[in-house]
Amino acid sequence: MAHPALVDLLLAPSAPGRATLADLLLGITITIGIAETEAVHHEIRAAHAQATPRPLPLLADPVREVRHRVAYLTGLRTGHEGLAVRALGERALSEPDPLIAAVMTGGVARHDVAGRAAWLSGALASRHLPAVRAATAWGFARAGLPWTTEVTSAVAEAREHGDVLNGDVIEGEQWRWSDNPLAETLIAMADPNRAAEICLRLTQSEDEDSAECGAIAAVALLEEHPHAYPAFGPAIAATRAHRGTHIRSYADDLDALISAADEGDHTVH
């Protein structure tokens, strides 16, 4: 298979097109989940597990794109998970790029290995990057770990910086671990009033990506907690008043959820 050969090339500092090589390696890694036959699936997994330790030093590579791709392929590992998680955890808290650090943090959270809960608890500390803290809170939700006031504070404080997970790390590249990490995190938080405040802060943003993230999260939260709709009034108003046309369109979805909740209340009474 080409997998070991690609790793050899990627590990050579003078090799041309190393970012492209990292892309190819990540693509091979992703095919593990979509292999059409069990035989192919087994072959890919075996090569994947065998190659796991070798690219780990590239998590500190000077080329940003290489670090980014290697962070993802390390988080996707299906062999040597403990080794991969330790490498991600060691690098994540010193990684200078906020969103690559968040990719590494999410990679730690994805694997149920010894020490994960303790590492995530430590990553909540206020000295860490907002993107790391936001990814850590998502990790608590993903792992089903006990929710604490420290996690809630980390979510709120990180989100003061906008949509810190879904921005572009590399042009055209979004955070792969979740389509809507904010909604997943806020649902796990189980505090609709605080969640509504965070959605409001985002929907008031002039940055349309942040505002859209807040509106989408509000929709997901009201689907999950329909009777919490009174708390979302300000966020809905901000969504309706936003200068972005496509942001304002989410107000209709939110209104429909509120109407459905109202009808349910009248039916009960």
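# A tour of the helices, contacts and charges

Start by selecting Phe140, which lies in helix H8. The model on screen is a predicted one. Phe140 is buried, at a relative accessible area of 5%. Leaving aside residues up to four places away in sequence, Phe140 touches Leu120, Ser121, Leu124, Leu145, Pro146, Trp147 and Val151. Show the C-alpha atoms of Phe140 and Arg116 as well: they are separated by 9.9 Å, and the two residues are 24 apart along the chain.

**Helix H9**

One of the residues that Phe140 touches is Val151, so select helix H9, residues 149-159, next. The buried residues in helix H9 are Val151, Thr152, Ala154, Val155, Ala156, Ala158 and Arg159. To see what covers them, add helix H8 (130-143), helix H10 (181-189) and helix H11 (192-203), which are included in that cover.

**The whole chain**

Zoom out for a moment. The protein has 15 helices and zero strands. It has 269 residues, and 48% of them count as buried. Among contacts with a separation of 6 or more, 66% are between residues 24 or more positions apart. The accessible surface comes to about 12,300 Å², and carbon and sulfur atoms account for 53% of that.

**Thr105 in helix H6**

Go to helix H6, residues 98-109, and pick Thr105. Is Thr105 buried or exposed? It is buried, with a relative accessible area of 0%. With residues up to four places away in sequence not counted, Thr105 touches Ala92, Trp119, Val132, Ala135 and Thr136.

**Ala231 in a loop**

Move to the loop between H12 and helix H13 (233-241), where Ala231 lies. Ala231 is partly exposed, with a relative accessible area of 22%. Its contacts, not counting residues up to four places away in sequence, are Pro192, Asn193 and Ala196. The C-alpha atom of Ala231 is separated by 9.9 Å from that of Leu200, a residue 31 positions away along the chain.

**Salt bridges**

The structure holds ten salt bridges. Three of them are worth selecting here.

- Arg54 and Asp8: the closest N and O atoms are 2.4 Å apart. Arg54 lies in the loop between helix H3 (38-51) and helix H4 (64-75), and Asp8 lies in helix H1 (residues 3-11), so the pair ties together parts that are 46 residues apart in sequence. Arg54 is partly exposed at 34% relative accessibility, and Asp8 is partly exposed at 42%.
- Glu197 and Arg194: the closest N and O atoms are 3.8 Å apart. These residues are separated by about one helical turn because they are three residues apart in helix H11. Glu197 is partly exposed at 44% relative accessibility, and Arg194 is partly exposed at 28%. Elsewhere, Arg67, Arg91 and Glu95 are joined into one network by salt bridges that share partners.
- Arg91 and Glu95: the closest N and O atoms are 3.1 Å apart. Arg91 is buried, with a relative accessible area of 19%. Glu95 is also buried, with a relative accessible area of 2%.

**A negative patch**

For the last stop, show the surface and select Glu223, Glu224, Asp252 and Asp253, which form a negative patch. Which elements give two or more residues to the negative patch? They are helix H12 (208-224) and helix H15 (250-268). Glu224 is found in helix H12, and this residue counts as partly exposed at 46% relative accessibility.

Methods: Residues are numbered from 1 along each chain as its sequence is written. This is a predicted model: local features need pLDDT of at least 70, side-chain atom pairs count only at pLDDT 80 or more; totals for chains, interfaces and linings use all residues. Side-chain values use heavy atoms; hydrogens and water are left out. Patches are made of residues with over 30% relative accessible area and no salt bridge: like charges are joined within 9 Å, nonpolar side chains (Val, Leu, Ile, Met, Phe, Trp, Tyr) within 5 Å. Accessible areas come from the Shrake-Rupley method with a 1.4 Å probe; for residues, only the protein chains shown count as cover. A salt bridge is a side-chain nitrogen of Lys or Arg within 4 Å of a carboxyl oxygen of Asp or Glu. Lys and Arg count as positive and Asp and Glu as negative; His and the chain ends are not counted. The place of a charge is taken as NZ of Lys, CZ of Arg, CG of Asp or CD of Glu. Helices (H or I, at least four residues) and strands (E, at least two) are DSSP runs, numbered from the N terminus. Buried means under 20% relative accessible area, exposed over 50%, partly exposed in between (1.4 Å probe, protein chains only). Contact means heavy atoms within 4.5 Å.
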